[in-house]
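Subject: Structure handover

Hello,

Here is the structure I promised to pass on. Please open it first, then read my notes below.

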Amino acid sequence: MLIIIVAIIAIVVGYLVVIQRRLVHLDENCYNALSQISVQQNARWEAITSLVKLTKDYSDYEYKTLMDVVKQRQTLTKNDDVNKINEQQKIMEQAISKFQVISEAYPDLKADQVYTKTMESLKQYEDQVRYSQMVYNDTVTKFNRKIRQLPASLFASMLGFGDLKDYLEMDEAKEAMPNV
């Protein structure tokens, strides 16, 4: 009888170790994915800063306006939460939309090779950030699903993994299909 009790306890402890290791793995993947978004957003800020400097040659007013937006930049770290990343995303989108307005007002700017190359790299950064956001949300889905499903849900909070992770917001305007 004692052997059976010891065996059951060993199985439960072994299972707890397996669950804890899996939750740590998923939690670290979430932090890593969020960190990748931070890296991509910081690179995107560098491209935006290059565009701001290029714009200075065309108009001091636009330069000052864009600098006000760029000054709102905050360096992101792996310890930042989803809200801070969403906030920075909105600030970047404001800056990019202002560039589009400026480029329409100054046709010579659109013809500038440095401007063209920088806008192309900015588009690449946009794609990389979008991909990183999808990876993060997929990773969060796996983590959240794991801590909500039985039997892991019984032990998740006891092991320090009871809170669901937040998803990154997606811009609804970008999600909608264009009217044809």
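A residue counts as buried when its relative accessible area is under 20%. F143 has a relative accessible area of 1%, so F143 is buried. Keep that cut-off in mind, as several residues below rest on it. Please also note that this is a predicted model.

**Overall picture**

The chain has seven helices and zero strands. Along the sequence the pattern reads α-α-α-α-α-α-α. There are 180 residues, and 34% of them are buried. Contacts reach far along the sequence. Of those between residues at least 6 apart, 75% join residues at least 24 apart. The exposed surface is about 11,500 Å². Carbon and sulfur atoms supply 55% of that area.

**Confidence**

The mean pLDDT of the chain is 76. A score of at least 70 is reached by 72% of the residues. Among the elements, α1 has the highest mean, 84, and α7 the lowest, 50. Over residues 173-180 the pLDDT is below 50. Beyond near neighbours in sequence, that stretch has four contacts in the model.

**Around D27 and K165**

Start with D27, in helix α1, which spans residues 2-56. Is D27 buried or exposed? Its relative accessible area is 13%, so D27 is buried. The side chains of D27 and K165 are joined by a polar contact of 2.7 Å. Setting aside neighbours within four places in sequence, D27 is in contact with F143, F161 and K165.

K165 also meets two rings. The charged end of K165 sits over the ring of Y31, 4.8 Å from its centre. That charged end also sits over the ring of F143, 5.0 Å from the centre.

**C30**

C30 is in helix α1 too. Its relative accessibility is 2%, so C30 counts as buried. Which residues does C30 touch, not counting residues up to four places away in sequence? They are Y136, T139, V140, F143 and K165. F143 and K165 thus return here, as they are among the contacts of D27. C30 and T141 are 111 residues apart in sequence. In space, their C-alpha atoms are 9.5 Å apart.

**Aromatic pairs**

How many aromatic pairs does the structure hold? It holds two. One is formed by Y15 and F155. That pair is edge-to-face, 6.4 Å centre to centre, with 70 degrees between the planes. Y15 lies in helix α1 and F155 in helix α6 (residues 152-156), so the pair ties together parts that are 140 residues apart in sequence. Y15 counts as partly exposed, because its relative accessibility is 33%.

The rings of F143 and F161 also pair. Why is this pair edge-to-face? The planes stand at 65 degrees, and planes over 60 degrees apart count as edge-to-face. The ring centres are 6.4 Å apart. F143 lies in helix α5 (residues 113-148). F161 lies in the loop between α6 and α7 (172-175). The two residues are 18 apart, and the pair links distant parts of the chain. F161 is buried, because its relative accessible area is 10%.

**Where to look**

Begin at F143. It is a contact of D27 and of C30. F143 pairs with F161, and its ring lies under the charged end of K165. Then turn to residues 173-180, where the pLDDT is below 50.

Best wishes

Notes
Residues are numbered from 1 along each chain as its sequence is written. This is a predicted model: local features need pLDDT of at least 70, side-chain atom pairs count only at pLDDT 80 or more; totals for chains, interfaces and linings use all residues. Side-chain values use heavy atoms; hydrogens and water are left out. Helices (H or I, at least four residues) and strands (E, at least two) are DSSP runs, numbered from the N terminus. Buried means under 20% relative accessible area, exposed over 50%, partly exposed in between (1.4 Å probe, protein chains only). Contact means heavy atoms within 4.5 Å. Accessible areas come from the Shrake-Rupley method with a 1.4 Å probe; for residues, only the protein chains shown count as cover. A polar contact is a pair of N or O atoms within 3.5 Å; within protein, one must be able to donate a hydrogen and the other to accept it, and residues adjacent in sequence count only if both atoms are side-chain atoms. Rings of Phe, Tyr and Trp (its six-membered ring) pair if their centres lie within 6.5 Å; planes under 30 degrees apart count as stacked, over 60 as edge-to-face and the rest as tilted. A charge sits over a ring if NZ of Lys or CZ of Arg is within 6 Å of the ring centre and within 35 degrees of the ring normal. pLDDT is the predictor's confidence in each residue, from 0 to 100.
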